[in-house]
Amino acid sequence: MKQRLLFLMLTAFLSQNAFSQQKIWNETEEEKTERLQWWTDARFGMFIHWGLYAQAARHEWVKKRERISDEDYQKYFELFNPDLFDPTEWAKKAKAAGMKYAVITTKHHEGFCMFESDFTDYNIMNTPYGKDIIKQWVEAFRAEGLGVGFYYSLIDWHHPEYTIDRVHPQSANTQEEYDQLNEGRDMAVYRDYLKNQVREILTNYGKIDVLWLDYSFPGQFGKGRDDWGSVELIKMVRELQPEILVNDRLDLKDYWGGWDFTTPEQFKVQSWPEVDGKKIPWETCQTFSGSWGYYRDEHTWKDNKQLLVLLIESVSKGGNVLLNVGPTARGTFDHRADEALAGMGEWMKFNDRSIYGCTQAPKDFEVPEHTILTYNPETNRLYIHLLDYPITNFRLPGYKGKVKYAQFLHDASEINITAPYGHQMQGSIATENDLNLRLPVNKPNVEIPVIEVFLK
């Protein structure tokens, strides 16, 4: 009995100790929710992937895909001169599209820094352009009232001490080959470099709202938290910028305070992501086409309706969308990106109330056919997005007694509410608990019309 008691006490001690070791950040759930609230309400942001790879114009992973050596890649560094870069114009386009914040690559996997750095010559100040792009960008986006965020690649294909791994341009097949390739390389030196640069970008540009650290790939010939020094790195981030929001790619998902939101990439989630049965903050990052960096000859661009459905559906499941632009090497947006942003902006101009501050609809509201629902808990309004425009009569299943008023959102024109009646009841599944909306025969001149429902 005594031995069993000692065993239970030891187990409890170890469990408590293990739990305390997993806690990086002294913040309650309520405090975290409050810290993320602006971002949760914003719902829509711009991702910007820009670097030397814009000159190759054939994917941001071109150095890896084509196994380009540092020597052959050097020409892009020596020639980089985005003379048409106008960050104010970029910020105005993001704002006009309905975006509330933006995240830009300060350094991508290629290792080139778009900011002035004391820790490497491989930065924007030593190119023909010779000016700190990040400084200009931050000032311009702040001036337009947009949140500002930084992407910083944990991976670095240029740093001489970064050990070659399975995603490196010099990747190999066997342990013996990796040992030979990495002889003389010291990842500890790179860890210090990484930490110093993250300190730079979080110190030199004022308050930063979002930080994307990208990415971990544990396993054979991979890298995870120990390679990056993730625990110490995130502690430093929290100290430097206590209000910042950090993504989940440091390989610290099991640490409280190691991340703030999860980041499904290039797909629409089927349901609100959960951890241990609890819904978590999330943001899907998506491209207009098939690459993040500028790709001149890539033509699989999503159309306006696809992009709008992506945004609406993400909000309907409690998430955000970070939609990417890959600027050209001269510092402009591709005309296809401009057209996509303009299309979304036209819809958002009239329908953004169904996005900002909205989330998943309460469970007691059934989703009508061919629609997506969003809900604003502050105003108690439900938004019905008509993906396939109905013919005159539109059934709201089980909505009787729940609705005060209904209107089209784009023009605030009233929609007549009736009970299901007459011939429509023949062959119908309508019941006395339903409502019917009498819609105009002609679809409004809106890509996806939205019905704003004022609830009781």
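Is Arg395 buried, partly exposed or exposed? Select Arg395: at 26% relative accessibility, this residue counts as partly exposed. Keep in mind throughout that the model is predicted.

**Stop 1: the whole chain**

Zoom out. Show the chain as a cartoon and count along: there are 13 helices and 16 strands. Along the principal axes, the C-alpha atoms fill a box of roughly 85 × 80 × 40 Å.

Colour by burial next. Of the 456 residues in the chain, 54% are buried. Switch to a surface view. About 21000 Å² is exposed, and carbon and sulfur atoms supply 49% of that area.

Now draw contacts. Take those with a separation of 6 or more: 71% of them come from residues 24 or more positions apart.

**Stop 2: the largest pocket**

Select Glu29, Lys32, Lys279, Ile280 and Pro281. Among the 34 residues that line the largest pocket, these lie nearest its centre. The pocket has a volume of about 900 Å³.

Which element gives the most to this lining? Select α2: this helix contributes eight residues. Helix α2 covers 29–42, and β7, at 278–279, also supplies at least two residues of the lining.

Colour the lining by class. You should see 13 nonpolar, 10 polar and 11 charged residues.

**Stop 3: a bridge from α2 to β7**

Stay with Glu29 and add Lys278. The two form a salt bridge, and their closest N and O atoms are 3.0 Å apart. Glu29 sits in helix α2 and Lys278 in strand β7, so the pair ties together parts that are 249 residues apart in sequence.

Check the accessibility of each partner. Glu29 counts as partly exposed, at 35% relative accessibility. Lys278 is partly exposed too, with a relative accessible area of 46%.

**Stop 4: the second largest pocket**

Select Glu369, Pro390, Asn393, Phe394 and Arg395. These are the closest to the centre of the second largest pocket, out of 20 lining residues. The volume here is about 390 Å³.

Highlight strand β12, residues 393–396. This strand gives the most to the lining, with three residues. By class, the lining divides into 10 nonpolar, six polar and four charged residues.

**Stop 5: Arg395 and its partner**

Return to Arg395 and add Asp434. They form a salt bridge, with the closest N and O atoms 2.8 Å apart. The pair links distant parts of the chain: Arg395 is in strand β12, and Asp434 is in the loop between β14 (416–418) and β15 (435–438), 39 residues apart.

Are the burial classes of these partners alike? Asp434 counts as buried, at 3% relative accessibility. Arg395, at 26%, counts as partly exposed. The cut-off explains the labels: buried means under 20% relative accessible area, and partly exposed lies between that and 50%.

**Stop 6: a bridge between two loops**

Select Lys223 and Asp165. How far apart are the closest N and O atoms of this salt bridge? The distance is 2.6 Å. Lys223 lies in the loop between β4 (210–214) and α10 (225–228). Asp165 lies in the loop between β3 (147–153) and α8 (175–181). The pair links distant parts of the chain, 58 residues apart. Hide the surface to see them: Lys223 is buried, and so is Asp165.

**Stop 7: a salt-bridge network**

Select Glu27, Arg35, Arg238 and Asp260. Salt bridges that share partners join these residues into one network. To go on, show every salt bridge in the structure; there are 29.

**Stop 8: the cavity**

How many cavities of 30 Å³ or more does a search of the whole structure find? The search finds one. The space inside is about 120 Å³.

Select Ser289, Ser291, Gly293, Trp301 and Gly326. Of the 14 residues lining the cavity, these are the closest to its centre. Then colour β9 (320–325) and α13 (335–351), the elements that give two or more residues to the lining.

Finish with the class colours. The cavity lining has seven nonpolar, five polar and two charged residues.

Methods:
Residues are numbered from 1 along each chain as its sequence is written. This is a predicted model: local features need pLDDT of at least 70, side-chain atom pairs count only at pLDDT 80 or more; totals for chains, interfaces and linings use all residues. Side-chain values use heavy atoms; hydrogens and water are left out. On a 1 Å grid over the protein atoms alone, a cavity is a set of points where a 1.4 Å probe fits but cannot get out, and a pocket is an open set with protein on both sides within 12 Å along at least five of seven lines; lining residues have an atom within 4 Å of a point. Grid points are joined across faces, edges and corners, and a volume is the space filled by probe spheres set on the points. Helices (H or I, at least four residues) and strands (E, at least two) are DSSP runs, numbered from the N terminus. Ala, Val, Leu, Ile, Met, Phe, Trp, Tyr, Cys and Pro count as nonpolar, Asp, Glu, Lys and Arg as charged, and the others, Gly among them, as polar. Buried means under 20% relative accessible area, exposed over 50%, partly exposed in between (1.4 Å probe, protein chains only). Contact means heavy atoms within 4.5 Å. Accessible areas come from the Shrake-Rupley method with a 1.4 Å probe; for residues, only the protein chains shown count as cover. A salt bridge is a side-chain nitrogen of Lys or Arg within 4 Å of a carboxyl oxygen of Asp or Glu.
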